[in-house]
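User: I should like to learn how to read the features of a structural model, beginning with the exposure of residues. Please give the general idea first and then the case at hand.

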Amino acid sequence: MVSPAIALAFIPFLLTVLIKYRYYILLFYRAVLVRRLQDLITGRSREDRAFQYVFTHALPGNAESILDTFDHWCTKIEYLSNIGPKKGKVLDRLIGDMAPKTVLELGTHCGYAAVRIARLLELGARLYTVEMDEENGRIAEKIIRLAGFDDDTVELINGHSEDVIPQFRERFGVDHIDFVFMDHWKRCYLRDLQLLEESGLIGKGSIILADNVIFPGAPHFLRYIKSSGLYQYRIHRATLEYFPGIRDGMAELTYMGTT
Amino acid sequence: KSITTLRNQPWRMKKKLETLKEAQEFIEKFEGALGKGKGRKFYAYKVMMLKKWMKFKRDFENFKTACIPWEMKIKEIESKSFGSSVASYFIFLRWMYGINMVLFGLTFGLVMVPEALMGKPYGSMPRKTVPRSESSTAMDFATLWDFGGYAQYSVLFYGYYNNQRAIGWLKFRLPLSYFLVGVGTIAYSFMVVIRTMASNANQEGGGDDTSFNFSWKMFTSWDYLIGNPETADNKFASITTSFKESIVEEQENRKEENIHLTRFLRVLANFLVLCCLAGSGYLIYFVVRRSQKFALEGLENYGWWERNEVNMVMSLLGMFCPTLFDVISALENYHPRIALRWQLGRIFALFLGNLYTFIIALMDEINLKLEEEAVVKYNMTIWEANLYNGTLSENSTRPPIEVDPADVPRGPCWETMVGQEFVRLTISDTMTTYITILIGDFLRALFVRFINYCWCWDLEYGFPSYAEFDISGNVLGLIFNQGMIWMGAFYAPCLPAINVLRLHASMYLQCWAVMCCNVPHERVFKASRSNNFYMAMLLFILFLSTLPAVYTIVSIPPSFDCGPFSGKSRMYNVIQETLENDFPAWFGKVFSYASNPGLILPFILLMVLGIYYLQSTSKAYKAANIELKKKLQNIIKVPDLILTFHFRSNIDNPNSNLSPLMTNVFCLCK
């Protein structure tokens, strides 16, 4: 019915879409298609495979080696949404500049960021990391112990962040959190930020670093921090982990308080 | 009375005396107005008239400003969100509307109305009647939408007009008027475009862009027409980004770049673009030939898709190829302004190539029709002979036979066919634009706004996000649309009318779409510099559009059976005929002397010398201008050195914060 000429006229459109969104197509391929395929073939989950790889290829006790092995697996073999080497450098710099005593991480996933933070903590500082999913939590625990961090330095908490944060003070006897790193579900950023404010765990000068605020994006979170006036914020523009073509950003907030 | 008032004031005597003296002088001066002395009535009257005149002038100025169509709308767009570059598109659109109104006035008033009022009515002649074979479908909407049926046999197209030399009680010379209106529209358009270009050239100050980069950026980036806090934030962010980009550019200029790789990539990009252009040209040619094949076999056998194939393909290609060029240009790694120029040039080449392929294919059809004419003429003589054989066998007198005009066999009318093609192309172009706005802007905005709550990634920041208003694409579309009107107006007098309607609707639709569905650009650049560029393109298109029309007028004989020039061997013979018959003999003689090559050649030589002279004086003025600018630049060297040093020091330390200096400067600007 439709003549071939009209169909041919759509070719420039298809080419444009293919070329312009090649990174997104590649991301879709690696993050979704390859993962499903490997799930079917091996029968194990992606995090399990990642742990297997790291376990066999990294030097135990050496945090740098574990991070490098993770990066290698994520670039060459499959895709996992860790914070990645480039954005990780921003995280390192912030931790190094501030030297916090108490760090809270929401969304451990595989423990990449936990290892990254923990290796820069000074003596006596402690990292609390919250993970919702039990499987991921177990794997993250194994990786953190593999890196050589014990219970004193890194404490892994299993549970939903909206349950953990209100009970944080009583459970752990912590009054003030210096640094918060958010890397869990983007929809929960705003809710957890407000919970932290209410519970009084963050004080003047606390820094909150939220990852992936541009892609996949947390629009309500950004709108809130711009309009609430409680924070001084800065957006670090970078690219999505392991994909230099997709723009992304991290939001660094400094809590100013109501004064 | 004033003396009494003065006495009662608690002042010193000296002051009272001074005031009294002043008052007396005042009274003497304005004696007439205050009612004392002669001529007071006349003086009072004069003053009152003067005041009334000033008031009237002021009101008239206000009225004139209020009368400028859509002024408020454009100001709203400019100040609310978008700045001067988007508003400049709408100003351009309004200017085009003005030109089209004049063209419409000419064609409507001098061609369509006389024929409708004073010419023979519908059905009185074969060329004015729908043929018997088509009359069953002549009123269908589908036929009318394709401009066939009753629409074809009406004042809208060339074929309806009668070649009678003078019609009605006014003895209106219709063929002459048709010809002169055709020439006049082109001449008027040339005049208006060149006048606008000249006045734009006067206003163009222009800065030397390569030196004092940071000074210009620092002091001239702010757009004072912005009235909305969100836009101001946007502008602030974009200026910051532009500074960062300049720093990165300076950084990159210091870096050694691989020239060979860049050159190779650029050549490759151009090659790809050429392939795309060639592909699109071939596709259009192929489609037009196919439609000729369909026409030969009779259009009734084919569905809507086949009949409108050509228009659809041209519109689709015009929509999709520019985005492909944009993507290919990412290979080239040019400075954004140069990249924009290349992009505009390529889109221009695409539209031009498509249009000319279309015209060449049309020429083939015209030739086919001309061949058909000879055959039809032969058939007509046979048909007439049959008619006479059937009724009378008189050889000496041939009384006119009463034949219904719908039954007379028709000669092919290539001019109406050309007019119809252009009208259909314009309509389909319009439809494509409107549908693109509705789907690409409106539906997209609805999708982003309402589905954003339940989608996994942020639709507003990432893909697809709200659309930006594509200024250059829209301006080029407008220019090419106008080119089509200029090409087709001679064969379809209804085209300027259709275009007026289209521009009117476009203005409202696009204004609404811009305010409702678009977001301001991320990088805002000045529109004034590109203004003359678009005017130059318009002039070029005007020249190129008149070429085919002039070629067909001069070299192809008009159809024998339709139009105001039927029966003549060439269309311009109407001028000679008028000179012979309507003007006194001496006028014809003068004209023949004036058109003697011996007179025309020296005249052309004089014009060329005049152009050379004007060119050299303008060059001298430009040189003087540059000297003055240099002197000015020497004065502002010192502040710029300070700024450049500050920014250059940031090159080696790119992570340092630009914000303190920026915030200070822009707080001042805000």
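Analyst: A residue is called buried when its relative accessible area is under 20%, exposed when it is over 50%, and partly exposed in between (1.4 Å probe, protein chains only). At 55% relative accessibility, Asn333(B) counts as exposed. The model is predicted, so local features need pLDDT of at least 70 and side-chain atom pairs count only at pLDDT 80 or more, whereas totals for chains, interfaces and linings use all residues. Residues are numbered from 1 along each chain as its sequence is written, chains are lettered from A and ligands numbered from 1 in the order in which they are written, and side-chain values use heavy atoms, with hydrogens and water left out.

User: Where does Asn333(B) lie, and what is its phi?

Analyst: Most residues other than glycine have a negative phi, and most peptide bonds are trans. Asn333(B) has a positive phi of about 65 degrees although it is not a glycine. It sits in the loop between α13 (309-328) and α14 (336-391) of chain B; helices (H or I, at least four residues) and strands (E, at least two) are DSSP runs, numbered from the N terminus.
In chain A, Asn212(A) likewise shows a positive phi, near 60 degrees. Its place is the loop between β5 (207-210) and α11, and with a relative accessible area of 5% Asn212(A) is buried.

User: Which peptide bond is cis?

Analyst: The bond from Phe215(A) to Pro216(A) is cis, with omega near -5 degrees. Pro216(A) belongs to helix α11 of chain A.

User: How many residues of each chain meet where chain A touches chain B?

Analyst: Contact means heavy atoms within 4.5 Å. By that rule, 25 residues of chain A are in contact with 23 residues of chain B. The two chains bury about 2200 Å² between them, 73% of it on carbon and sulfur atoms; buried area is the accessible area (1.4 Å probe) that two parts lose on being put together, summed over both.
On chain A, the helices α1 (4-9), α2 (11-20), α11 (213-217) and α12 (219-228) each supply at least two residues to the side that touches chain B. Helix α2(A) gives the most, with 6 residues. That side of chain A has 18 nonpolar, 4 polar and 3 charged residues; Ala, Val, Leu, Ile, Met, Phe, Trp, Tyr, Cys and Pro count as nonpolar, Asp, Glu, Lys and Arg as charged, and the others, Gly among them, as polar.

User: How many salt bridges are there between chain A and chain B, and how many over all chains?

Analyst: Side chains of opposite charge can pair when their charged atoms come close. A salt bridge here is a side-chain nitrogen of Lys or Arg within 4 Å of a carboxyl oxygen of Asp or Glu. Between chain A and chain B the count is 0, while the structure holds 27 over all chains.
One of these joins Glu64(A) to Arg119(A), with the closest N and O atoms 2.7 Å apart. This pair links distant parts of the chain, 55 residues apart: Glu64(A) is in helix α5 (residues 63-77), and Arg119(A) is in the loop between α7 (112-118) and β2. Glu64(A) is partly exposed at 39% relative accessible area, and Arg119(A) is partly exposed at 23%.
Arg116(A) forms a salt bridge with Asp92(A), the closest N and O atoms being 3.2 Å apart. Arg116(A) lies in helix α7 and Asp92(A) in helix α6 (residues 85-98), so the pair ties together parts that are 24 residues apart in sequence. Both Arg116(A) and Asp92(A) are buried. Glu64(A), Asp92(A), Arg116(A) and Arg119(A) are linked in a network of salt bridges.

User: Which residues does Thr129(A) touch?

Analyst: Thr129(A) lies in strand β2 (residues 126-131) of chain A and is buried, with a relative accessible area of 0%. Not counting residues up to four places away in sequence, it touches Glu105(A), Thr108(A), Val154(A), Glu155(A), Leu156(A) and Ile157(A). The side chains of Thr129(A) and Thr108(A) are joined by a polar contact of 2.5 Å. Such a contact is a pair of N or O atoms within 3.5 Å; within protein, one must be able to donate a hydrogen and the other to accept it, and residues adjacent in sequence count only if both atoms are side-chain atoms.
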